[in-house]
Amino acid sequence: MRKFFSMFLISTMALSFVGCGGADDSAKDGSVAQEAVEVPTIGVCIYKYDDNFMSYTRQAIEKAAEGKAELIMNDSQNDQAKQNDQIDTMIAKGVDSLMVNLVDPGAAPAVVEKAKNAGIPIILFNKEYQDGTHNLDYDKVWYVGTTSEESGIIQGEVVLDAWNANPSWDKNGDGTMQYVMLMGEPGHPDAEARTEWVVKTIEEAGVPTEELGTQTAMWDAAQAKNMMETWLAANGDEIEIVFSNNDGMAMGAIEALKSEGYFEGDKYMPVIGIDALPEALVLIENGQLMGTVLNDPLGQGKASLELAINAALGIDVLTGTEWVLDETKAVRVPYVGITTENIAVAEEAYGL
Ligand code: GAL
Ligand code: CA
């Protein structure tokens, strides 16, 4: 195994492994080993810094790394070729493990091949390889993220509760939910699953839906605002609800709705997002965002880093953590539905 143990890590390990053998010498008198060594260096790629949710995840990673790991951070600027170069550079620098938020989930086999050739462990996070990390030909690759469909199911449940409690939302009184859908990037497992499962959940509960438009706005508020403006011009009052794959796009839609006089007097449109960004919680409080689903950036950032540190140390990736791995070698952090009732849950997850 490579030599990069820090004083800090040795003391932590000595404390956590007392009784497990191996750390006995340093633990006997409560002192730590006197070997002067470095903390592991971890190379991190974020698919683009300019993404609301990923910027919170990035901050969580940086915070979790304090005193525990040296990070080399990269903004892949939504460019897979650039990310590949960044990975090559970090491997050349001799990083001890890699944490990669892919630009293109389909690039996973090629990216993992680079790590494998260099013998470096790699944690993929936030964007899951379609076929599952366990299908990649490398024993030192793991995934940290969520169960994508869970977010769509919870979003559907939050919508159902509110729809059933507010008969006036069925503007044309036909018992059917006329909706528009703002999608994240096509091919992203979260975007695909959220789009599918929110509608499925509502329909399976016996409420028919009618799609008036589904378009990608690439997780982005400005693109979503444009899309919503187009839909309002084309469909106006026929739209009864806006489903958004994330809060960033929901916030863009709300901007467009505000320009058309919504959220004033009786003019209302239910909009639901996912992520529970702090700026979205403010909109829930002031009645412009109906609800959201907590996508826990602290949990995901911390889990990714903890696995990357353990992998760098060559020990079981779950050592000293609260996480479990499923059969696809993935840690899946749970989602939680958020409305006016439980905003505090989301505030805590964002460290507010
Ligand atoms: C999703 C998140 C989106 C966006 C995306 C980027 O999990 O909900 O807002 O950040 O990841 O991959
Ligand atoms: Ca209707």
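This is a short tour of salt bridges in a predicted model, with a suggestion for what to select at each stop. A search of the whole structure turns up eleven of them, and we'll visit a few.

**Stop one: K116 and D137.** Select these two and zoom in on the side chains. They form a salt bridge, with the closest N and O atoms 2.8 Å apart. Now colour by secondary structure: K116 sits in helix 5 (residues 108–118), while D137 is in the loop between strand 4 (122–125) and strand 5 (141–145). That puts the partners 21 residues apart, so this pair links distant parts of the chain. Switch on the surface and you'll find K116 partly exposed, at 30% relative accessibility, and D137 exposed, at 57%.

**Stop two: R332 and E128.** Stay with the loop between strand 4 and strand 5, and pick E128 there. Its salt-bridge partner is R332, at 2.7 Å from N to O. R332 belongs to strand 11 (residues 330–332), 204 residues away from E128. Is E128 buried or exposed? E128 counts as buried because its relative accessible area is 12%, under the 20% cut-off. R332 is partly exposed, at 25%. Before moving on, add D326 to your selection: E128, D326 and R332 are linked in a network of salt bridges.

**Stop three: E229 and K225.** Finally, select helix 8 (residues 221–235), which holds both residues. They're four residues apart, about one turn of the helix, and their closest N and O atoms are 3.2 Å apart in a salt bridge. On the surface, E229 shows as partly exposed, at 34%, and K225 is partly exposed too, at 29%.

Definitions and conventions
Residues numbered from 1 in each chain as written. Chains lettered and ligands numbered in written order. Predicted model: local features only at pLDDT ≥ 70, side-chain atom pairs only at ≥ 80, totals over all residues. Heavy atoms only, no water. Salt bridge = Lys/Arg side-chain N within 4 Å of Asp/Glu carboxyl O. Helix = DSSP H or I, 4+ residues; strand = E, 2+ residues; numbered from the N terminus. Buried < 20%, exposed > 50% of the residue type's maximum accessible area, 1.4 Å probe, protein only.
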